[in-house]
Amino acid sequence: MNRYRENGFGLWAVCLKKTGEMIGDCGLTLQNIEGKMLPEIGYHIRADHQHKGYAKEAAAAVRDWAFSNTDYPSLYSYCKYTNIGSYKTAESIGMHFEKEYPDDANEITHVSVIHRPATR
């Protein structure tokens, strides 16, 4: 609730349409990425529901919401460098590799980014 009070956004539940069962979460949060607080699309899907497109669908909805409702010029996603599924999900919504850097939590953190589309 603090994230919503302070930033106006946070994580949303990811639920199955058919049953309403919660299978994970996805949303926009501010995260420390190499010493900078940056807007990050995070997604966490329960293991028994991975590889079904739920993370991609949820992350795309967060991307669209963030570009429509915030002024952030770029959105990020980060994970441990060995978490191929996570950065492939980021790529599936238009993100691309930005950088990798060493850190205590992940050994090496992989960062993906997408920039706000240009308006005409």
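In this predicted model, the protein chain exposes about 7,500 Å², of which carbon and sulfur atoms supply 51%. Buried residues account for 41% of the 120 residues in the chain. The protein chain carries 14 positive and 15 negative side chains, and 7 Å separates the centres of these two sets.

**Overall architecture**

The protein chain contains three helices and six strands. Their order along the sequence follows the pattern α-β-β-β-α-β-α-β-β. The radius of gyration of the protein chain is 14 Å, close to the 14 Å that the globule rule gives for 120 residues, so the chain is as compact as a globular protein of that length. The C-alpha trace spans about 40 × 35 × 35 Å along its principal axes. Of the contacts in the protein chain with a separation of 6 or more, 48% are made by residues 24 or more positions apart.

**Strand pairing**

Two antiparallel pairings are described here, each with one pair of opposite residues.

| Strands | Sense | Bridges | Opposite residues |
|---|---|---|---|
| β1 (residues 11–15) and β2 (residues 22–33) | antiparallel | five bridges | L11 and G27 |
| β4 (residues 74–80) and β6 (residues 107–115) | antiparallel | seven bridges | C79 and H110 |

Strands β1 and β2 form a hairpin with six residues between the strands. In this hairpin, G20 takes a positive phi near 80°. Within the pairing itself, L11 faces G27 of β2.

Strand β4 is mostly covered, as five of its seven residues are buried. Its partner in the antiparallel pairing is strand β6. In a regular strand, side chains alternate between the two faces of the sheet.

**The surroundings of H110**

H110 is located in strand β6, where it stands opposite C79. The relative accessibility of H110 is 5%; because buried means under 20%, H110 counts as buried. Leaving aside residues up to four places away in sequence, H110 touches S77, Y78, C79, Y81, Y87, F97, K99 and E100. C79 thus appears both as the residue opposite H110 and among the residues that H110 touches. A further residue, E98, is 12 residues from H110 in sequence, and the two are 7.9 Å apart in space, C-alpha to C-alpha.

Definitions and conventions. Residues are numbered from 1 along each chain as its sequence is written. This is a predicted model: local features need pLDDT of at least 70, side-chain atom pairs count only at pLDDT 80 or more; totals for chains, interfaces and linings use all residues. Side-chain values use heavy atoms; hydrogens and water are left out. Two strands pair if DSSP finds at least two bridges between them. Helices (H or I, at least four residues) and strands (E, at least two) are DSSP runs, numbered from the N terminus. The radius of gyration is taken over C-alpha atoms; the globule rule is 2.2 Å times the number of residues to the power 0.38. Buried means under 20% relative accessible area, exposed over 50%, partly exposed in between (1.4 Å probe, protein chains only). Contact means heavy atoms within 4.5 Å. Accessible areas come from the Shrake-Rupley method with a 1.4 Å probe; for residues, only the protein chains shown count as cover. Lys and Arg count as positive and Asp and Glu as negative; His and the chain ends are not counted. The place of a charge is taken as NZ of Lys, CZ of Arg, CG of Asp or CD of Glu.
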